[in-house]
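Hi,

Here is the structure I promised to pass on. Have a look at it first, then read my notes underneath.

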Amino acid sequence: MGIQVWFIVLGVGVMTLIVWDGKRRKLKQRALSAAGRPHTAPAVDSASISEHPFEAMSPPEEASAVTSPAIQCMPGGSRIGSATHILGKVIADEPVLIKGRLEGTLIAPNHPVSVTASGHVASYLEGNSVDIDGKMVGTLKANTKATLLSRARIQGIVEAPSLECMAGAWLQVDVAKKVNLHKIAMVS
């Protein structure tokens with residue numbers, strides 16, 4: 001073999017090592033960035049959601065400038081992801097985080113329930129403490145406290161002994177204050 005063939009073989013070997021090293025570095029960088037930052041779900045495009053329960057809920061113009069505290073990610077519990085759409089009944093004996101759509105009933109009477117800005121709930125939602133930063137149509141029941149963050153869009157009935165509402169939240173609700181904390185959860 002001539003010297004030219006050796007240079008070609010050597011060049012191909014060096015290029016292969018460079019490509020492998022680049023892939024190794026990318027994987028290492030991805031692992032470090034995933035471990036250092038909390039996972040954030042992609043935002044749901046409100047134009048792609050054209051189902052009837054949420055069409056009438058348009059935010060007021062001044063609410064877009066108001067920032068709200070984000071709902072903290074829970075260490076455990078059930079999560080309804082942003083690409084998930086549930087029709088039916090969910091009964092949970094653990095904390096629940098909703099990033100997607102739930103049309104039906106969610107009952108978690110002894111645990112916190114959180115609806116993120118991309119979350120949509122229609123019908124009935126019950127939890128020990130409920131934080132809403134998304135859209136809700138129907139009945140919201142919090143056994144201890146309901147917190148409506150600035151991007152919350154609520155239509156229906158809110159029943160809670162304590163209600164906290166941040167500036168920018170949009171409400172069209174009837175509010176009921178129940179003092180009886182030992183009431184059995186609605187299962188209809």
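**What I found**

The protein exposes about 11600 Å², and carbon and sulfur atoms supply 60% of that. Keep in mind as you read that this is a predicted model.

Let's start with the overall layout. The secondary structure comes to one helix and 10 strands. Going along the sequence, the pattern is α-β-β-β-β-β-β-β-β-β-β. Of the 188 residues in the protein, 34% are buried. If you take the contacts with a separation of 6 or more, 23% of them are between residues 24 or more positions apart.

Now to the helix, α1, which covers residues 3–36. Which residues make the nonpolar surface patch of about 640 Å²? They are Ile-3, Phe-7, Leu-10, Val-14, Met-15 and Ile-18. Val-14 has its place in helix α1, and it counts as partly exposed because its relative accessibility is 40%.

Helix α1 also holds a salt bridge pair, Arg-24 and Asp-21. Their side chains meet at 2.6 Å, N to O. Why are the two separated by about one helical turn? Because they are three residues apart in helix α1. Arg-24 has 46% relative accessibility, so it counts as partly exposed. Asp-21 is partly exposed too, with a relative accessible area of 27%.

The count of salt bridges comes to six, so here are two more of them, this time between strands.

One is formed by Glu-126 and Lys-141, with the closest N and O atoms 3.9 Å apart. This pair links distant parts of the chain: Glu-126 is in strand β6 and Lys-141 is in strand β7 (residues 135–148), 15 residues apart. Are these two buried or exposed? Glu-126 is buried, with a relative accessible area of 1%. Lys-141 also counts as buried, at 8% relative accessibility. The cut-off for buried is under 20% relative accessible area.

Another is made by the side chains of Lys-145 and Glu-164, which meet at 2.9 Å, N to O. Here too the pair links distant parts of the chain, with Lys-145 in strand β7 and Glu-164 in strand β9 (residues 163–165), 19 residues apart. Lys-145 is partly exposed, with a relative accessible area of 33%, and Glu-164 is partly exposed at 29%. Back in the sequence, salt bridges that share partners join Asp-21, Arg-24 and Arg-25 into one network.

Last, take a look around His-111. Where is it? His-111 sits in the loop between β4 (101–108) and β5 (113–115). Its side chain is joined to that of Asp-93 by a polar contact of 3.1 Å. Setting aside neighbours within four places in sequence, His-111 is in contact with several residues, including Glu-94, Pro-95, Gly-127 and Asn-128.

Asn-128 is worth a click as well. Asn-128 lies in strand β6, which spans residues 120–132. At 25% relative accessibility, it counts as partly exposed. Beyond its neighbours within four places in sequence, Asn-128 has contacts with a number of residues, among them Ala-108, Pro-109, His-111, Ala-142 and Lys-145. From Asn-128 to Val-113 the distance is 7.4 Å, C-alpha to C-alpha, with their positions 15 residues apart in sequence.

Happy browsing!

Notes. Residues are numbered from 1 along each chain as its sequence is written. This is a predicted model: local features need pLDDT of at least 70, side-chain atom pairs count only at pLDDT 80 or more; totals for chains, interfaces and linings use all residues. Side-chain values use heavy atoms; hydrogens and water are left out. Helices (H or I, at least four residues) and strands (E, at least two) are DSSP runs, numbered from the N terminus. Buried means under 20% relative accessible area, exposed over 50%, partly exposed in between (1.4 Å probe, protein chains only). Contact means heavy atoms within 4.5 Å. Accessible areas come from the Shrake-Rupley method with a 1.4 Å probe; for residues, only the protein chains shown count as cover. A polar contact is a pair of N or O atoms within 3.5 Å; within protein, one must be able to donate a hydrogen and the other to accept it, and residues adjacent in sequence count only if both atoms are side-chain atoms. Patches are made of residues with over 30% relative accessible area and no salt bridge: like charges are joined within 9 Å, nonpolar side chains (Val, Leu, Ile, Met, Phe, Trp, Tyr) within 5 Å. A salt bridge is a side-chain nitrogen of Lys or Arg within 4 Å of a carboxyl oxygen of Asp or Glu.
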